Each structure stands twice: as structure tokens, then as C-alpha cells.
Amino acid sequence: MQPPALNEDTTVVVPMLNEAAVIGDVVAGLRCSFEHVICVDDGSTDKCGELARAAGARVVTHPSNLGQGAALQSGVTFALDDGRTKYIVTFDADGQHRVADADRMVEVARTSGVDIVLGSRFLESTSSGMTAARRAVLRAAVGFTRATTGLALTDAHNGLRVLSRYAAQRISLTQAGMAHASELLNQIAHHRLRHVEVPVTIDYTDYSRSRGQSNINALNILFDLGLARLSEGRTRV
């Protein structure tokens with residue numbers, strides 16, 4: 001007899017690029033709490049698509065690398081095609097997020113009625129292995145986001161989120177790269193979506209750091225966002 005399905009109304013979206021080393025374990029862990037997992041293979045050259053599928057995920061494939069923002073948008077669009085989906089979780093492929101946090105955040109979404117639940121590394125001291133330099137860069141990103149959106153958040157670039165169907169239908173990511181995280185916050189402010197932050201633990205491992213969890217990458221986020229702001233300004237002129 002099959003065990004009872006958990007979170008049947010929730011779909012987890014996992015963007016991935018060459019994550020064959022860990023994706024099988026990540027999907028297997030998610031499948032313990034979530035029936036529906038979509039992995040978006042963003043032009044990988046390894047076998048992560050095959051491994052994700054073998055672990056129980058549905059796989060959406062980009063023929064070439066389009067960027068994490070584009071991968072997330074593809075996954076969200078695919079998830080919304082299923083009328084049973086009431087909540088969408090965004091979850092990184094490198095193993096730095098905890099399934100228990102995602103499960104708890106979905107419960108917060110259910111009980112609070114907010115449109116979006118955002119994970120935060122800074123509400124409590126819950127991030128393992130974060131360097132002081134990276135913490136400083138992320139604090140700067142928070143300040144930038146507060147100044148440009150008016151959202152009083154503590155963590156501007158955490159990939160662990162829960163979107164209600166209502167929110168997911170209103171957010172459209174056009175920033176293909178890492179600046180999509182700031183773009184998403186801009187849209188939360190623009191659409192006046194109800195949101196709440198909850199503390200989550202991020203496990204910074206040697207592997208996750210090698211996959212982009214670096215201070216230079218955080219600075220690139222700010223650079224990409226600055227370019228997006230310039231583009232928006234030219235469009236309005």
C-alpha cells in the first residue's frame with residue numbers, strides 16, 4: 001500500500017544546471033513531503049535531468065542555458081497548468097535548503113492566508129557556514145531592496161519561497177539571470193501582495209559554495225539589478 005500523499009495541492013519548482021552530483025538526493029528528500037516536484041533543466045550538459053526523473057520529479061528542459069530566472073518562470077508556468085496547484089515552492093537544487101523549512105512555510109501560507117511566504121536567513125541565527133563577507137554583501141542587498149521597493153524585509157535573495165496560486169499568476173519574471181530575486185520583490189510591492197518572512201536554515205557546504213554561493217556572485221546580483229533599473233528608466237522615457 002502506498003503511503004498517504006503529502007501536500008497534494010503544492011508543487012515544488014527546482015531550477016537546475018549541471019547538478020547531477022546532488023539532484024537525486026534533493027528530489028528524494030522533497031518527495032518525502034511533496035508529491036509534485038518539477039525540475040527545470042536549464043541547458044545542463046550532465047545527467048541531472050535523468051537523475052531527477054529517476055528520483056520522481058517531472059522534468060522540464062531548456063535546450064540551452066537561459067538563466068535561473070527563466071528556469072523559475074518556466075517551472076511556475078508549468079505548475080500553474082495543473083489546476084490542483086494551490087501553492088508553489090521555489091527550492092534550490094544544490095542542497096542548501098531544508099525540506100522541513102519548505103514544509104513549515106507551506107503551513108504558514110495555509111494558516112495565515114498571505115500571498116507569499118519568504119524564507120529569511122537573518123530573522124534568527126540559522127545559516128550554517130555563511131562568511132562575514134557574504135553576510136555584509138547580503139545586508140547591502142537588503143538595504144537596496146528596502147530603498148527601491150519599500151518592503152521591510154530582512155533577506156532579499158533567498159531562493160526558498162512559497163507562492164500562493166494568486167501570487168504566482170501575477171508575478172512574471174523577465175530577468176533571466178540572478179536579478180530575478182529582486183524583480184520578484186519589486187512585483188510583490190507593485191501588486192501589493194501580502195507577504196511574511198519566516199526564519200530558515202541555509203546549509204552552506206563546499207558544494208553549494210562551488211555552485212555560486214560566493215561574494216562575487218552576490219555583487220553580480222546587484223550589478224544585474226542596476227542594469228534592470230536603467231532599462232526600466234529608459235522604457236518610461
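Student: In this predicted model, which residue of β2 is the bridge partner of Pro15?

Tutor: The bridge partner of Pro15 is Val40 in β2.

Student: What makes strand β1 and β2 a pair?

Tutor: Two strands pair if DSSP finds at least two bridges between them. Strand β1 (residues 10-16) and β2 have six bridges, so they count as a pair, and the sense is parallel.

Student: How do you know that strand β2 also pairs with strand β3?

Tutor: The requirement is at least two bridges. Five bridges join β2 (residues 36-42) to β3 (residues 58-62), and therefore these parallel strands pair. Asp42, for instance, stands opposite His62 in β3.

Student: Which helix belongs to the β-α-β unit with β2 and β3, and what is the hand of that unit?

Tutor: Helix α2 (residues 48-54) joins β2 and β3 in a β-α-β unit, which is right-handed.

Student: Why are β3 and β7 called edge strands?

Tutor: The open sheet has seven strands in the order β3-β2-β1-β4-β6-β5-β7, with mixed pairing. Both β3 and β7 (195-199) pair on one side only, and that is what marks them as edge strands. From one strand to the next, the twist averages 20°.

Student: Why is Arg170 said to lie over the face of Tyr166?

Tutor: For Arg, CZ must be within 6 Å of the ring centre and within 35 degrees of the ring normal. Arg170 lies at 3.6 Å from the ring centre of Tyr166, so the distance condition is satisfied, and Arg170 is listed as lying over the face.

Student: How many aromatic pairs does the whole structure contain?

Tutor: A search of the whole structure finds zero.

Terms used:
Residues are numbered from 1 along each chain as its sequence is written. This is a predicted model: local features need pLDDT of at least 70, side-chain atom pairs count only at pLDDT 80 or more; totals for chains, interfaces and linings use all residues. Side-chain values use heavy atoms; hydrogens and water are left out. Rings of Phe, Tyr and Trp (its six-membered ring) pair if their centres lie within 6.5 Å; planes under 30 degrees apart count as stacked, over 60 as edge-to-face and the rest as tilted. Helices (H or I, at least four residues) and strands (E, at least two) are DSSP runs, numbered from the N terminus. A crossover is right-handed if, with the strands pointing away from the viewer, the path from the first strand over the helix to the second runs clockwise. Axes are lines fitted to C-alpha atoms, for helices over the stretch in contact, and angles run from 0 to 180 degrees between N-to-C directions.
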